[in-house]
Structure formats: structure tokens, C-alpha cells
Amino acid sequence: MNSVRREVLKAGGGVTVMALAVSAGLLRPEEALAQAAWNKAAFETRSFADTVKALGGAAAVENPGVRFASPTPEIAENGALVPVTVTSSIPKTESIAILVEKNPNTLAANFVVPNGTEPFISTRVKMGQTSDIYALVKADGRYYYAKKEIKVTIGGCGG
Amino acid sequence: MSLSRREFLQVLAAAAATGMALDAPAQSAAAAADARFYDLPRFGDLRLLHFTDCHAQLLPSHFREPDVNLGVGEGINRPPNLVGEHLLREFGIRPGTRDAHAFTHLDFSRAARRYGKIGGFAHLATLVKKLRADGPPCLLLDGGDSWQGSATSLWTEGRDMIGASRLLGVEAMTAHWEFTYGAERVKQAVAKELQGGELPGGIEFLAQNVKTTDFNDPVFKPYVLRELGGVPVAIIGQAFPYTPISNPRHLMPEWSFGIDEDRLQQLVDEVRSGRGGKAGAQVVVLLSHNGMSVDLKLASRVTGIDAILGGHTHDGVPAPTLVANARGRTLVTNAGSNGKFLAALDLEVRGGRVSDFRYRLLPVFANLIPADEEMRTLIETVRAPFKDRLGEKLAVTEGLLYRRGNFNGTFDQVILDAMMEQKNAEIAFSPGFRWGTTLLPGDAISFEDLMDQTAITYPFTTLTVMNGATIKNILEDVCDNFVNPDPYYRQGGDMVRVGGLTYRCDPRARMGARILDMRLGGKPLQAGKDYKVAGWAPVAEGASGEPIWDLVGRHLRAKKIIKPPRLNRPALQGVAGNRGMV
């Protein structure tokens with residue numbers, strides 16, 4: 001199954017795959033195309049605090065209900081493609097944002113979690129250097145976060 | 001004769017200690033103790049035999065344990081970060097004994113002459129057979145780094161080691177350096193050479209934490225279930241989590257590694273509960289190549305593992321550390337390197353759970369254990385085509401040549417000196433590998449000995465112009481790999497060896513503030529000035545250059561006699577009272 005899925009995706013270019021995914025019912029067209037209101041200000045912030053503010057929140061608190069899950073690494077294998085997975089067990093989770101503190105712009109992504117959806121997101125971010133990353137959850141109007149350092153190293157010299 | 005007068009006197013003293021100076025009753029008592037050295041009291045319901053990081057050492061050798069192995073953060077002054085007398089005291093080992101020689105660097109040359117070489121697969125095979133025959137039902141596990149570390153393993157792409165491991169009866173393994181032969185070679189070996197053939201059974205290649213980079217799909221079998229004396233036992237494999245970072249990523253471009261606690265916890269729960277009508281495992285073991293400090297942290301967070309049989313950091317730790325976690329406790333071991341040790345973990349199982357254990361980490365003294373004939377023949381056969389090349393004598397060493405230690409070793413210093421001289425460089429870097437055998441004062445350095453220090457699939461030497469700021473960044477980056485306060489951010493190697501440049505190091509400082517007072521020829525290094533830096537083992541794709549063994553070989557042939565090298569080690573600060581140094 002998995003190898004078939006991989007071959008299909010390798011065979012098809014991005015557009016074809018998108019079309020296939022839509023026609024297979026994996027993605028609804030409006031999801032593939034729709035762009036929720038773009039919060040330009042938030043994506044231009046340069047610190048954790050400013051991002052929370054730009055997203056319309058006040059003080060965010062650290063909460064163990066927000067969690068970086070596998071395969072989020074401690075040391076990135078490739079800074080250009082760092083896998084990040086976040087889960088939230090906080091009731092009424094509305095959105096999950098990923099912030100990379102030392103990137104030129106802090107906010108890397110913000111996912112809206114519709115009511116009734118499992119708060120689980122998985123994506124990849126680009127990191128220029130070792131940095132703390134934050135998973136910022138909005139739940140019932142309040143903000144919660146988890147923090148983790150991801151090292152971007154020059155490699156070699158091990159073992 | 002290239003022995004110094006002091007060394008010669010040490011040899012005489014060693015001879016006296018083994019014979020003349022002892023009275024007859026004491027001598028026969030020592031002989032009787034030697035005869036019982038490998039007799040373990042019968043205990044428990046099943047036995048797990050474990051060796052790790054043998055680095056392809058088919059023949060007995062010397063391997064000097066470190067005199068600097070600093071603990072930082074929570075690891076300070078605890079196993080495995082204890083050396084010399086500190087280690088002896090912690091584990092109640094008497095100085096001067098066989099065990100003291102095997103587990104420490106103390107009085108190394110003299111003790112090595114007294115107790116002889118350690119390891120070798122022919123001797124290991126005899127010991128495995130004895131421990132299989134003496135004890136309860138048994139599994140033999142290999143923690144990885146078996147296919148790399150010698151000329152013959154490199155030249156046969158690990159085939160010599162796979163043959164020897166099959167004959168030894170290894171039942172499961174995990175891996176790290178194995179991956180540096182490239183993903184295709186590993187897949188080929190796992191699919192064919194580890195299985196089938198004339199010998200019964202096969203070697204299970206286990207790695208729960210290796211996934212494809214695209215969909216996170218598992219690449220290898222994560223675990224194996226075996227019944228030992230009626231007890232279902234699960235062995236889960238954990239490959240080295242930072243393989244594509246410490247080693248060239250382009251050799252396994254489509255595989256992703258990492259510690260992956262989440263999947264490990266799922267697997268532990270899965271094997272414990274049983275599947276498809278099969279009974280759940282009553283004993284769960286992680287065969288790990290994480291490195292000991294990572295294993296200690298993991299044991300406190302992942303529940304349901306009875307024992308972590310660990311490797312990678314080459315720590316010969318005489319007794320397990322017991323780690324408490326939310327649902328019980330986990331034994332954490334580390335079984336040394338270079339074929340020196342065989343670990344025996346005997347477990348007693350009552351009421352479906354491990355109730356008690358005994359652990360011994362046995363040094364494999366070649367002169368106490370007769371060679372297994374079948375294994376000896378196999379080793380001779382695999383070496384035969386290469387005999388002339390292996391045996392070439394390059395030079396004679398006047399001093400003790402070893403590698404292991406956090407900051408430098410004398411064999412690394414020889415490599416650094418060779419690189420600076422041959423490449424006309426002001427500064428040289430050599431990777432902080434923890435493998436590589438030890439030569440005694442007066443020993444010839446053969447080409448095979450040189451390969452024991454250098455046999456990798458990316459051996460290229462380089463000459464690079466770097467400014468002082470870049471050099472500082474590299475040293476800070478590598479230093480963080482072994483002194484980061486959080487073990488999950490460590491890669492388990494040692495500090496890059498540095499030639500030409502002197503510096504001070506404060507391991508307790510934050511990254512960026514650890515490397516201090518860098519000087520070249522007494523003058524401070526300048527951030528904006530360019531320097532010529534020689535190095536080897538580049539991890540970047542497309543790298544090329546003369547192989548390190550050719551460069552060092554040429555250097556050694558020209559020198560003929562290698563004087564004891566002047567070891568360039570940084571002055572350390574903030575380490576008073578650290579028992580990871582002497």
C-alpha cells in the first residue's frame with residue numbers, strides 16, 4: 001500500500017497529484033484552493049510575543065496538552081526540511097501555529113482546526129539555524145504553547 | 001630496539017609481576033582464579049548475550065579505555081562518565097587486576113603486556129559456546145557497528161563480518177556504521193546475506209527508528225519475538241538516531257532516523273499486549289545504538305522496557321544502571337567496544353514479569369580462552385587474499401598509540417601531525433571517532449593497524465581555507481555534540497581532534513562560549529584572518545581527495561620511527577571534581 005502510494009506520487013507531478021487527490025475525494029476543492037483570510041501582519045512578526053499579539057491573543061501559557069510528537073527531531077537531518085508534528089489535547093482547540101524563533105519571520109504556519117477535527121498537524125518547516133520552535137494553540141479563545149529546541153548542525157565528526 | 005629505557009624497565013617489571021616476584025601458592029591461586037574467570041553461577045530463566053561496537057575487529061587487540069570521559073548536566077560523576085580509579089571505586093574493582101585492566105586506562109602498557117590482547121571472534125566464539133552451554137536458554141544480540149572499523153571489512157563491504165557473525169550465531173542486530181556502505185548495500189545484505197546460506201537461522205536486522213523521508217514508513221523490521229524457556233521475549237532494535245547527521249547523509253538519502261520515543265512506546269505496548277492470538281511478551285528488551293546517556297534519559301520516559309542493552313558510546317560499564325519511570329524500572333547497560341567484552345544478562349521471570357537479574361560484562365581475554373577452530377579458519381580464509389597488504393610494516397612506534405578520550409589520543413595526534421606536514425597546513429582536524437585499536441610502545445605499525453583508525457567509506461583528505469570565525473564555529477558545534485546538557489542533543493562521538501591550534505574549553509558554559517583563548521603559535525586566532533586547515537572524512541556529497549590511509553601511510557614510511565607524539569589537548573576549565581577525568 002505504502003509503496004504504491006509513493007510510486008503514484010512520484011509518477012505524477014504536483015498538479016496531477018493534486019487533481020487526483022481531489023477527484024479521489026481526499027481533498028475537497030475548496031480546501032485545495034481556498035485561502036483563508038491571510039493574516040499578513042502575523043506572518044511578518046519577528047518574535048514569539050509579537051506573533052501571539054498579531055494573531056489576536058494576549059499572554060500565552062506553556063501547557064503539556066500541547067505536544068511536539070514524532071517525528072519532530074531534536075537535531076535536524078536537513079535544516080531545509082524539518083518535519084514538525086503537533087498534537088493538542090486541550091478541549092476546543094481552534095488553531096495550531098508553528099513558530100520558529102530565529103527564522104527571519106517567526107510564524108511558519110497557522111492551521112485552523114474546524115470543530116470536531118482531531119487537533120493533529122504535521123508539516124515541514126525550513127530552519128536557517130538552531131532555534132527554539134513553538135507550537136501555539138488557540139483553544140476556547142485562550143493561547144497555550146509547547147516549546148522545543150531543534151538543533152541545526154554542520155554534521156560529521158560523530159561516532 | 002626502539003623501546004625507551006623507561007618502557008624497557010616497565011616490561012621487566014611486568015615480567016616480574018607475572019612470575020618471579022610471586023611465591024608459588026599465590027601463583028597457583030591466580031591460576032585457579034583465571035580458570036574460574038568465566039564461570040557464572042547459574043541463575044534465572046533466560047540469558048541474553050550481548051556484544052556491541054566490535055568495529056570489525058576479528059582478531060584480538062589492545063584497546064585503551066579513556067582517561068577523559070566527562071559527564072555534564074545530570075551525567076556528572078555517574079556511570080558511564082567515570083574513568084580510571086573513579087570507575088574502579090564505583091564498581092568495587094581491585095586495582096591491578098584483569099578487570100581493572102579491561103575497564104580502565106590505568107598503567108596501560110604494562111597491564112597490556114601482562115594480561116595480553118583482548119577480543120577476537122575466535123575467542124569470542126568459544127566464550128559464546130560456553131555461556132550458551134552453561135546457562136538457561138539464550139539469545140545472542142549484536143548492538144551494531146560490526147561491519148566497519150577494519151581494512152577487511154571495508155574491502156569486503158562488511159562481508160567478512162557478516163560471515164563471522166553468522167558463524168558466531170548472532171540472532172539479532174541493529175546498526176549505525178553499517179549504513180555508511182550505502183542504503184543499497186544494507187538492503188542487499190539484510191535481504192540475502194543475513195538470511196539463509198548453509199547455517200541455520202539468520203540475523204534479524206532490527207531498527208524501529210528508521211523511516212522513509214517521504215511518508216515516514218518503516219524501512220526495517222522493528223522487533224522480533226522469540227520464546228526462551230517458555231518465556232515470550234521481544235527484542236526491539238534502535239539504530240543510531242543521528243546517522244545521517246554524523247555520517248554522510250547522501251549515503252542513505254531516503255531514510256530518516258531520530259530517537260522516536262512515540263513509536264517506541266507504541267511498539268512496547270504492542271508487544272506486551274500480544275497480537276493475533278499470540279501471547280504478549282513478558283520480557284521486552286531494547287537493543288540500542290543510542291549511546292548510554294541517551295538510553296538513560298529514554299529509560300526514564302518510555303515505560304515497559306525491562307532492559308536496554310546499549311552501545312555506540314563505547315562505554316564498558318561493569319554493572320547496569322537502574323532507571324525508574326512512571327510504570328516501573330529499566331536496566332540500562334553499555335557493553336564497550338572493539339570486541340573487548342561479552343555481556344551476559346540473566347533474567348528471572350515470575351508471574352509473567354521480570355523479577356530479578358544478574359549481569360556480567362566479561363572481558364574476552366584471548367589468553368584465557370582457546371580459539372574456536374571453525375571461526376579461526378573462517379577468519380584466516382577471509383584475510384588470506386589481503387595478507388600482504390595488511391602486513392606491510394609502515395613504522396615502529398616508541399610510544400603508546402591510542403585514540404579514545406574526549407579531546408585527543410596519541411594515534412589521532414600522529415594523524416594530525418601527518419596531515420599538517422603532508423598538506424603544509426597550519427591547522428588540522430580529525431574526527432572524534434571512538435573506535436580504533438591501541439598499539440604498545442615498541443610495536444610495529446602495520447598498514448592494517450593504520451586501517452583500524454581510518455577504514456571508512458569517505459576517507460578523503462581535504463585542505464580548506466577558513467577564517468578564524470569559521471574555525472571557532474566548527475569547534476563550538478562539534479563540542480555541543482558531546483557536552484550539551486540534554487543527552488538527546490548529543491551525537492555520542494568525541495571532540496574533533498585539533499592539530500596546530502591550542503585552545504581552552506569550558507564544557508559547562510553555553511554553546512558559543514565553550515571554546516576560548518584559541519591560539520596559533522602562541523598568537524590569538526583572528527576572526528577575519530584566513531588559515532589553511534587540513535581535514536578528512538567530509539560528510540558533504542561529491543567530496544574527494546587522497547584517502548587518509550595513503551597520506552598517513554606515506555608519512556609513516558618516511559618517518560620509520562614514530563616518537564611519542566606531543567598530545568595537543570585543550571586546557572579544561574570548570575571541571576574541578578569531575579570524575580570523568582584523572
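**A tour of chain B and its contact with chain A**

In this predicted model, start by selecting residues 159-168 of chain B, helix α8, together with residues 373-383 of chain B, helix α13; the two axes come within 10 Å and cross at roughly 170°. An angle over 145 degrees counts as roughly antiparallel, and α8(B) and α13(B) are therefore roughly antiparallel to each other.

Show the side chains next. On α8(B), the residues that make the contact are Asp160(B), Gly163(B), Ala164(B) and Leu167(B). Facing them from α13(B) are Glu374(B), Met375(B), Leu378(B), Ile379(B) and Val382(B). By class, this helix contact holds six nonpolar residues, one polar and two charged.

Now move to the nonpolar core. The largest one has 201 residues, and Leu49(B), Val285(B) and Leu342(B) have the most contacts inside it. Centre the view on Leu49(B). Beyond its neighbours within four places in sequence, Leu49(B) is in contact with Val128(B) and Leu131(B), with Cys138(B), Leu139(B), Leu140(B) and Leu141(B), and with Leu342(B), Ala343(B) and Ala344(B). Leu342(B) thus appears both in this list and among the core residues with the most contacts.

Finally, display both chains. Chain B gives 35 residues to the contact and chain A gives 18 residues. On the chain B side, select α10 (243-246), α11 (261-273) and α17 (468-483), the elements that give two or more residues. Of these, α17(B) supplies the largest share, four residues. Colour the chain B side by residue class to see 15 nonpolar, 11 polar and nine charged residues.

Key. Residues are numbered from 1 along each chain as its sequence is written. Chains are lettered from A and ligands numbered from 1 in the order in which they are written. This is a predicted model: local features need pLDDT of at least 70, side-chain atom pairs count only at pLDDT 80 or more; totals for chains, interfaces and linings use all residues. Axes are lines fitted to C-alpha atoms, for helices over the stretch in contact, and angles run from 0 to 180 degrees between N-to-C directions. Angles under 35 degrees count as roughly parallel, over 145 as roughly antiparallel, 65 to 115 as roughly perpendicular and the rest as oblique. Two residues are in contact if their C-beta atoms, placed from the backbone, lie within 7 Å. Ala, Val, Leu, Ile, Met, Phe, Trp, Tyr, Cys and Pro count as nonpolar, Asp, Glu, Lys and Arg as charged, and the others, Gly among them, as polar. A nonpolar core is a set of buried Ala, Val, Leu, Ile, Met, Phe, Trp, Tyr and Cys residues joined through C-beta atoms within 7 Å. A residue is buried if 20 or more other C-beta atoms lie within 10 Å of its own, exposed if 12 or fewer, and partly exposed in between; C-beta atoms are placed from the backbone.
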